[in-house]
Amino acid sequence: MAATPTRPDELDIDTALVGRLVTGRFPEWAGLPVRAVASAGTDNAMFRLGDDLVVRLPRAPHAVGQVEKEQRWLPLLAPHLPLDVPVPVGRAGAGPDFPMPWSVYRWLDGDDTYDVPLTDLAHAAVELGRFGAALRTVDASEGPPSFRGGPVTAWEDGNLPAAVRGLGALGLVDTELASAAWESVLRLPQWDGPPVWIHGDLLPGNLLGREGRLSAVIDFGGLGTGDPACDMMPAWTLLTADTRPLFREAARADDATWARGRGWALAWGLVTEAYYREKNPVLAAVAHRTRTEALAEYAAAL
């Protein structure tokens with residue numbers, strides 16, 4: 001799956017450029033073949049370097065901070081996590097050929113779970129729940145805030161009402177149901193505990209599988225601290241009604257966190273589908289699935 005540019009400040013990054021950058025900064029890897037890695041991601045471009053490495057470069061200035069964050073925190077968090085995560089092995093600063101810092105990681109074998117769906121969702125539910133629970137046990141006192149670590153109610157001012165109206169006008173969503181569901185989210189008790197570590201972007205494209213089973217979590221650009229509710233979203237982006245309870249139990253999610261997580265699935269799904277419907281069909285499809293699964297649960301409860 002490939003992403004199309006969605007911002008006017010995105011850089012044109014190709015294999016020739018990456019080859020020059022690697023040769024200039026890491027001569028020990030000069031001459032290794034460079035191959036673009038297809039992705040629907042909107043923040044970074046990835047290029048496989050030889051058989052064992054991958055180069056990850058920000059596509060636009062807003063993603064620059066992810067480089068330092070992943071370089072600093074992934075080596076500290078990885079020993080606590082039950083799934084494989086990226087291992088940074090090189091960092092390059094901005095230079096004449098590329099105006100932003102970039103990273104090199106060990107290559108993780110596997111297919112993203114959007115392109116090649118998992119066949120063992122029960123295993124995925126348990127392992128992904130354990131992953132989030134383990135992440136939240138790590139000391140977060142010095143961690144940076146995640147851009148998805150704030151209250152789910154912030155979506156009220158984040159284009160959600162407009163997204164509902166837009167999708168409703170196209171006949172793609174029941175506006176009455178979506179509005180009633182969102183009103184129930186606004187009444188939920190909000191997180192009042194200390195900030196905890198969250199991945200922030202546990203979408204199918206950021207999960208890897210091998211032979212139908214979940215094997216790794218990638219793309220820690222949203223890593224940070226805050227309310228853990230957003231990391232409940234895989235229950236609706238990836239899992240099914242019969243495997244969600246397995247995920248919830250493994251994640252050790254209380255009632256309020258679970259309810260806010262469903263609110264995140266609803267809000268993220270509606271806004272993302274509306275925004276990316278034409279710009280990024282892959283993200284739009286994930287968003288459609290997410291909000292559809294969440295709305296089905298709201299419909300049963302309202």
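**View 1. Phe131 and its surroundings in the predicted model.** Setting aside neighbours within four places in sequence, Phe131 is in contact with Leu81, Pro82, Leu83, Val85, His199, Leu202, Val217 and Phe220. The model shown here, and in every view below, is predicted. Phe131 also turns up in the largest nonpolar core, a set of 67 residues, where Phe131, Trp155 and Leu266 have the most contacts inside the core. Helix 8 (residues 255-276) gives the most to this core, chipping in 9 residues. There's a second, separate core too: it has 19 residues, and Leu17, Val22, Met100 and Trp102 are among them.

**View 2. His199, tucked into a loop.** His199 sits in the loop between strand 7 (196-198) and strand 8 (207-210). With a relative accessibility of 0%, His199 counts as buried. A polar atom of the His199 side chain lies 3.0 Å from the backbone nitrogen of Asp201. Beyond four places in sequence, the contacts of His199 include Phe131, Leu135, Asp219 and Asp231. Val217, Ile218, Phe220, Gly222 and Leu223 are also in contact with His199.

**View 3. The three-stranded sheet, with a helix across it.** Here 3 strands make an open, antiparallel sheet in the order 6-8-9. Strand 6 (111-112) and strand 9 (213-217) are at the edges with a single partner strand each, so each has one side without a neighbour in the sheet. Strands 8 and 9 run antiparallel and are joined by 4 bridges. Want a residue pair to look for? Leu208 has Ala216 of strand 9 as its bridge partner. Helix 3 (residues 121-137) lies across strand 8 and strand 9, at about 25 degrees to strand 9.

**View 4. The five-stranded sheet.** This one is an open sheet of 5 strands, ordered 1-2-3-5-4 and paired antiparallel. Strand 1 (34-36) and strand 4 (88-92) are the edge strands, and each pairs on one side only. From one strand to the next, the twist averages 25 degrees. Strand 2 (residues 44-49) and strand 3 (residues 53-58) pair over 6 bridges in the antiparallel sense. For a landmark, take Ala45, whose bridge partner in strand 3 is Leu57.

**View 5. Helices 1 and 2 across the five-stranded sheet.** Helix 1 (residues 15-25) lies across strand 1, strand 2, strand 3, strand 4 and strand 5 (102-106), and runs at about 140 degrees to strand 1. Helix 2 (residues 65-77) lies across strand 2, strand 3, strand 4 and strand 5, running at about 150 degrees to strand 4.

Note on methods
Residues are numbered from 1 along each chain as its sequence is written. This is a predicted model: local features need pLDDT of at least 70, side-chain atom pairs count only at pLDDT 80 or more; totals for chains, interfaces and linings use all residues. Side-chain values use heavy atoms; hydrogens and water are left out. Helices (H or I, at least four residues) and strands (E, at least two) are DSSP runs, numbered from the N terminus. Buried means under 20% relative accessible area, exposed over 50%, partly exposed in between (1.4 Å probe, protein chains only). A polar contact is a pair of N or O atoms within 3.5 Å; within protein, one must be able to donate a hydrogen and the other to accept it, and residues adjacent in sequence count only if both atoms are side-chain atoms. Contact means heavy atoms within 4.5 Å. A nonpolar core is a set of buried Ala, Val, Leu, Ile, Met, Phe, Trp, Tyr and Cys residues joined through side-chain atoms within 4.5 Å. Two strands pair if DSSP finds at least two bridges between them. Axes are lines fitted to C-alpha atoms, for helices over the stretch in contact, and angles run from 0 to 180 degrees between N-to-C directions.
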